[in-house]
Amino acid sequence: LHRSEEEELQREGQDIQEALLRSKADAWSADGVTLARLTFHNPDVTALLLGSSALAGCIGRVESAGCEVRPAWANGALLFVPVTEEQIAEADLQLKSHNI
């Protein structure tokens, strides 16, 4: 049973990666930063992304810059690049919980 749960989580992780690649995205920065929209999300997906070793470097850079990955002002969006509320407002973006 434990092994099938691990396999299921691994498959879900692969599905999430594919969904990220296929999600609708709007580039909004000359730095190459892209705002993506997940087509499916829930607390398990969020936990998987936040615990991902592939995203650990991104999370570390965000925190090292004094920013937060999931700030209250981002309405549940996950921010994997250092960004401030002011920068989001200047870009005229309305973040939602399905945004990364």
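Student: In which segment is N99 found?

Tutor: The model under discussion is a predicted one. In this model, N99 belongs to no part of the chain before the last helix named here; N99 is found in the segment after α4.

Student: Is N99 buried or exposed?

Tutor: A residue counts as buried when its relative accessible area is under 20%. The relative accessibility of N99 is 7%, so N99 counts as buried.

Student: Which residues does N99 touch, not counting residues up to four places away in sequence?

Tutor: With those sequence neighbours set aside, the list for N99 includes A77 and L78. In full, N99 touches L35, A36, R37, A77, L78 and Q94.

Student: What is the order of the elements from the N terminus on?

Tutor: The chain holds four helices and two strands. Read from the N terminus on, these elements run α-β-β-α-α-α.

Student: Which residues touch the most other members of the largest nonpolar core?

Tutor: In soluble globular proteins, nonpolar side chains tend to be buried together. Here the largest nonpolar core has 14 residues. Those that touch the most other members are L49, L55, V69, L78, F80 and I100.

Student: Which element gives the most to this largest nonpolar core?

Tutor: Two elements, α2 (43–50) and α3 (56–64), give two or more residues to the core. The element that gives the most, with three residues, is α3.

Student: With which residues is V69 in contact, leaving aside its neighbours within four places in sequence?

Tutor: V69 is among the core residues that touch the most other members. Beyond its sequence neighbours, V69 is in contact with L50, I59, V62, A77, L78, L79 and F80.

Student: Which residues of α2 are buried, and why are they on the same side of α2?

Tutor: An α-helix has 3.6 residues a turn, so residues three or four places apart point the same way. The buried residues of α2 cover an arc of only 100° around the axis, which puts them on the same side of α2. These residues are V45, T46 and L49.

Student: Which exposed residues does the face of α2 turned away from its buried side carry?

Tutor: At the start of α2, a side-chain oxygen of N42 reaches to within 2.8 Å of the backbone nitrogen of D44. D44 is one of the exposed residues on the face turned away from the buried side. That face carries P43 and D44.

Student: Which residues does T46 touch, not counting residues up to four places away in sequence?

Tutor: T46 has its place in helix α2. With a relative accessibility of 14%, T46 counts as buried. Apart from its sequence neighbours, T46 touches R70 and L78.

Student: What is the relative accessible area of S97?

Tutor: S97 lies in the segment after α4. A value between 20% and 50% makes a residue partly exposed. S97 is partly exposed, and its relative accessible area is 34%.

Student: What distance separates the C-alpha atoms of S97 and G76?

Tutor: Leaving aside neighbours within four places in sequence, S97 is in contact with H41, N75, G76 and A77. S97 and G76 are 21 residues apart along the chain. Their C-alpha atoms are separated by 4.1 Å.

Notes:
Residues numbered from 1 in each chain as written. Predicted model: local features only at pLDDT ≥ 70, side-chain atom pairs only at ≥ 80, totals over all residues. Heavy atoms only, no water. Core = buried A, V, L, I, M, F, W, Y, C linked by side-chain atoms within 4.5 Å. Buried < 20%, exposed > 50% of the residue type's maximum accessible area, 1.4 Å probe, protein only. Contact = heavy atoms within 4.5 Å. Arc of directions from axis to C-beta. Polar contact = N/O pair within 3.5 Å; in protein donor to acceptor, adjacent residues only side chain to side chain.
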